Structures are given as C-alpha cells and as structure tokens.
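Visitor: I would like to go through the labels used for this model and hear what each one rests on.
Guide: Ask about them in turn.

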Amino acid sequence: MANLVTRDQWNARTHKGHTPLRERPRGVKYHYVGGRVEPDIVKDHGQCVALVKSIQRHHMDTNLWADIGYSVQCCPHREIFIGRGPGVVPAANGPGLNAQHYAILALVGDSGLVVPTDDMLHGLLDARAWLMGLREEEQPCGGEVLGHRDGYGTECPGDWLYDWIRRGHPRPGGAGSPRPVSQPPPWPGRVLEYPPLQTGDDVRTWQRQMARRGWRIDVDGRFGPTSREVARAFQKEKGFRVTGRVGRDDWRAAWLAPIT
Ligand SMILES: [Zn+2]
Ligand SMILES: [Zn+2]
C-alpha cells in the first residue's frame, strides 16, 4: 500500500518543466532534509505539508530548479508526497546521477527529528514498492537501494538512514530489527469522542492506524458514530473499559497492543 499525497493535495507550485526518464532507473536513492527538523512535526501533519512546500520553494527560488528536486517525500505519518513523480528525472541525486535512481526524501535531519518514525520507514519502503510496481509506460524502477552519499560527496541521508540501508532496509518489527512494530505517535492531548463530531489530523492518524489493524473505518478525519463503534469494539476486544472514547491509553494501545 502507498498513501499518496498528490501535488494538488499538498498545494504544490506549478513546475517549470520536467525531463522525462528515457530509461528505467536502477532503483531508488534515499535522502534526508539535513539541518534541523522540528520534532513537533511528528504530532502535526500540517507541519509536514509546510516543510515540503518550503523545500520546493528553496529548490525553485534559491537553487533555480524547475521543481522540487525529489521524486517523492515521506513524512512521519506514512504519507508519500508526490514530488516530480514517476517517469521524470529527479534533480536531487547530483549531476550525471539523476536519471539512474528515483530520489526519495525522508523528513528527518541532523538534529531534532533524527530517527525516522516507524511509519516513516514503512512509507520509505511503500514508496519504493510503488515505484518498482509502476506500469511499464510510467518507468518502474529496478531493485537497487542506495543513499545519496553513494557516488556523491554528501552526508545525506545521514548516518541513521544510511546504516538502515546497509542493514538491508528492514521493515520495522521485521527480522533483524529490535524496534517494535510501530511507535505510537505522541498523544494529541485531547480525548477523541462523539458527540460532538470532532475533526482533525489526530482523528485521521488514529483512524488510519485502526484501518491498518483491520477495522472497517473510513480515514476521513471525522470522529463520528462509526469511529466511536470501532473504539468500543477495540476496547472490548482488549478487555479495556468500554467507553467509545479514545483517551491517552487507548491511543497508545492502538499502536502497541498486539493485533489479534
Ligand atoms: Zn540528498
Ligand atoms: Zn505527516
């Protein structure tokens, strides 16, 4: 699965011309933002959108590129923002290297948010799987996985991600990974309940996680009767107090409780 955020959805600026890929890329190269990425971004998907937009602004207005340099950008919430997209030469890999790999950006830096969330790691792999599985005319890529620093003089994608690539870029929770299946995102600070109808990214984050666990729920950012029923059923299944509300412990359990 790949949670794609279209250019319209993140309100990308119009690009000034894309170069089509003439040959199938060998694979993907991972990148990071570098510098400081505010850890608050993990709590607020709106900041992901703002960061991607600021990167596009920098690439177009300062680097004078035709568009954001990456093929796609992955945020801490397993969302994949379309950058230049498939079938197009990226600009981020370095001169002479761009057409060889799709460029995938992870929204982590050298300080603040340094280690990707598990959802971001899933997103990085979802993006790769999506790019490999494209239809033939969209230029699906091969299986090679490298970092920006492979073949180019840069710290990118940072030591953590580069080490992860070298360890065979495992899915979180998979063999060889000491990390749990999924780290809960920080508690948003309000109890999700209905009525009244609550909306927001925190609702969406919880819904997406419940959908991932196999519950039938729309990921629409609206905590209504269906979300309440899912919350109740989940509490019942886990032996928690059945309230239909998502408090701090219910929130954490959505990520930490074993899927049964
Ligand atoms: Zn890079
Ligand atoms: Zn996000």
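**Labels and their grounds**

Guide: C75 and H77 are both buried. Bear in mind that this is a predicted model.

Visitor: What makes C75 and H77 donors of the zinc ion (ligand 2)?
Guide: A donor is an N, O or S atom within 2.8 Å of the metal. The SG of C75 and the ND1 of H77, together with the ND1 of H45 and the SG of C48, coordinate the zinc ion (ligand 2) at 2.0 to 2.4 Å. Their spacing in sequence is H-x2-C-x26-C-x1-H.

Visitor: Why is the arrangement around the zinc ion (ligand 2) called tetrahedral?
Guide: Four donors earn that word if all angles lie between 85 and 135 degrees. Here the 4 donor atoms subtend angles of 101 to 113°, so the arrangement is tetrahedral.

Visitor: Which atoms are the protein donors of the zinc ion (ligand 1)?
Guide: They are ND1 of H31, ND1 of H148 and SG of C156, at 2.0 to 2.3 Å from the ion. Water is not among the atoms, so a site may look incomplete. The sequence pattern of these donors is H-x116-H-x7-C. H31 lies in strand 2 (residues 27–32) and C156 in the loop between strand 8 (144–147) and helix 3 (158–166), so far along the chain that 125 residues separate them.

Visitor: Why does H31 count as buried?
Guide: Buried means under 20% relative accessible area. H31 has 1% relative accessibility and therefore counts as buried. C156, at 5%, is buried because of that value too.

Visitor: How do you know that strand 2 and strand 8 pair?
Guide: Pairing takes at least two bridges found by DSSP. Strand 2 and strand 8 have 4 bridges, in the parallel sense. V28 stands opposite V145 of strand 8. V145 also belongs, with G147, to the covered face of strand 8, while E144 and L146 form the uncovered one.

Visitor: Why is P258 called exposed?
Guide: Exposed means over 50% relative accessible area. P258 has 59%, and is therefore exposed. P258 sits in the segment after helix 6 (248–256).

Visitor: Which residues is P258 in contact with, leaving aside its neighbours within four places in sequence?
Guide: They are R213 and K238. Contact here means heavy atoms within 4.5 Å. From C-alpha to C-alpha, P258 and K238 are 9.4 Å apart, with their positions 20 residues apart in sequence.

Terms used: Residues are numbered from 1 along each chain as its sequence is written. Chains are lettered from A and ligands numbered from 1 in the order in which they are written. This is a predicted model: local features need pLDDT of at least 70, side-chain atom pairs count only at pLDDT 80 or more; totals for chains, interfaces and linings use all residues. Side-chain values use heavy atoms; hydrogens and water are left out. Donors are N, O and S atoms within 2.8 Å of the metal (3.2 Å for Na, K and Ca); water is not among the atoms, so sites may look incomplete. Helices (H or I, at least four residues) and strands (E, at least two) are DSSP runs, numbered from the N terminus. Buried means under 20% relative accessible area, exposed over 50%, partly exposed in between (1.4 Å probe, protein chains only). Four donors count as tetrahedral if all angles lie between 85 and 135 degrees; four count as square planar and six as octahedral if opposite donors are over 155 degrees apart and all others between 65 and 115; anything else is irregular.
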